[in-house]
Amino acid sequence: KKPDFSRYDIIIFGGYFRMGGIPVSSVIKDNWQTIMGKRIVLFTTSGTPPDHPDILKVYGKSLPEEIRREIKYFPLRGRLLQKDMRFFDSFLVSIGRMMEKDETLRAFMSGDFDGVRKENLKPLLDYVKEIRK
């Protein structure tokens, strides 16, 4: 069922990285004619540190420039616990690790990490409070 965004002034999308893309970007693109002109916020979680240049590359590849200009984007650190992963996700991480050229990112993909922290949401929440005024 297609979501009805017409009654909202601010829309917050959250998603994750998978195989060099942001899956929720298709929802944004598919609904752009309805949501453009509204305040749009996107946050993503991933194993890639938020300040790593690859974050903006994936973001740029996932959404066209005319949409990115209208969105406030917040990359956040995610969590990966090998013991909780489904086989398919574990397989994708293994493939990604083999293909990754950046040693730092390859190391992140080799073990568990947990960058999920309440305080990491502060910039996003502050931004939403500001645009609600």
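**Exercise 1. Is phenylalanine 87 buried or exposed?**

Solution. The model is predicted. Start with the relative accessibility of phenylalanine 87, which is 71%. The cut-off for exposed is over 50%. Phenylalanine 87 therefore counts as exposed.

**Exercise 2. Find the aromatic pairs, then classify the one formed by phenylalanine 74 and tyrosine 127.**

Solution. Step one: search the whole structure, which yields four aromatic pairs. Step two: take the rings of phenylalanine 74 and tyrosine 127. Their centres are 5.9 Å apart and their planes meet at 50°. Planes under 30 degrees apart would count as stacked, and over 60 as edge-to-face. The angle of 50° fits neither, so the pair is tilted.

Step three: place the two residues. Phenylalanine 74 belongs to strand β3 (residues 71–77). Tyrosine 127 belongs to helix α7 (residues 122–132). They are 53 residues apart, so the pair links distant parts of the chain.

Step four: check the accessibility of each partner. Phenylalanine 74 has 11% and counts as buried. Tyrosine 127 has 22% and is partly exposed.

Step five: look over the face of tyrosine 127. Lysine 72 lies there, at 5.6 Å from the ring centre.

**Exercise 3. Classify the pair of phenylalanine 87 and phenylalanine 91, and describe its place in the chain.**

Solution. Begin with the geometry. The distance is 6.4 Å centre to centre, with 20° between the planes. Stacked needs planes under 30 degrees apart. This pair is stacked.

Next, the location. Both residues sit in helix α5 (residues 87–99). They are four residues apart, so about one helical turn separates them.

Last, the surface. Phenylalanine 87 is exposed, as found above. Phenylalanine 91 has a relative accessible area of 42% and is partly exposed.

**Exercise 4. Work out the layout of the sheet, strand by strand.**

Solution. First, the order. The sheet is open, has three strands and runs β1-β2-β3 with parallel pairing. Second, the edges. β1 and β3 are the edge strands, because each pairs on one side only. Third, the twist. It averages 20° from one strand to the next.

Fourth, the link between β2 and β3. Seven bridges join these parallel strands. Isoleucine 40 has isoleucine 71 in β3 as its bridge partner. Leucine 42 stands opposite tyrosine 73 in β3.

Fifth, the helices. α3 packs on the sheet and touches β2 and β3. Its direction makes about 135° with that of β3. α7 also packs on the sheet, touching β1, β2 and β3. The direction of α7 makes about 175° with that of β2.

Sixth, the cover on β3. This strand is mostly covered, with five of its seven residues buried.

**Exercise 5. Which residues touch the most other members of the largest nonpolar core, and which elements supply it?**

Solution. The largest nonpolar core holds 18 residues. Phe13, Ile28, Ile35, Leu42 and Ile71 touch the most other members. Now turn to the suppliers. β1 (10–16), α2 (32–35), β2, α3 and β3 each give at least two residues. α3 gives the most, with three.

Take isoleucine 71 as an example. Leaving aside neighbours within four places in sequence, isoleucine 71 contacts Ile28, Ile40, Leu42, Tyr59 and Leu63.

A separate core has five residues. Among them are Phe74, Leu124, Val128 and Ile131. Phe74 was met before, in the tilted pair with tyrosine 127.

**Exercise 6. Describe the surroundings of isoleucine 55 and histidine 52.**

Solution. Isoleucine 55 comes first. This residue lies in helix α3. Its relative accessible area is 1%, so isoleucine 55 is buried. Set aside residues up to four places away in sequence. Isoleucine 55 then touches Phe17, Ser46, Thr48, Pro49, Pro50, Tyr73 and Pro75. Phenylalanine 43 is 12 residues away along the chain, and the C-alpha atoms of the two are separated by 11 Å.

Histidine 52 comes next. This residue lies in the loop between β2 (39–46) and α3 (53–62). Its relative accessible area is 14%. Buried means under 20%, and histidine 52 is therefore buried. Its contacts beyond four places in sequence are Asp102 and Leu105.

Terms used
Residues are numbered from 1 along each chain as its sequence is written. This is a predicted model: local features need pLDDT of at least 70, side-chain atom pairs count only at pLDDT 80 or more; totals for chains, interfaces and linings use all residues. Side-chain values use heavy atoms; hydrogens and water are left out. Rings of Phe, Tyr and Trp (its six-membered ring) pair if their centres lie within 6.5 Å; planes under 30 degrees apart count as stacked, over 60 as edge-to-face and the rest as tilted. Buried means under 20% relative accessible area, exposed over 50%, partly exposed in between (1.4 Å probe, protein chains only). A charge sits over a ring if NZ of Lys or CZ of Arg is within 6 Å of the ring centre and within 35 degrees of the ring normal. Contact means heavy atoms within 4.5 Å. A nonpolar core is a set of buried Ala, Val, Leu, Ile, Met, Phe, Trp, Tyr and Cys residues joined through side-chain atoms within 4.5 Å. Two strands pair if DSSP finds at least two bridges between them. Axes are lines fitted to C-alpha atoms, for helices over the stretch in contact, and angles run from 0 to 180 degrees between N-to-C directions.
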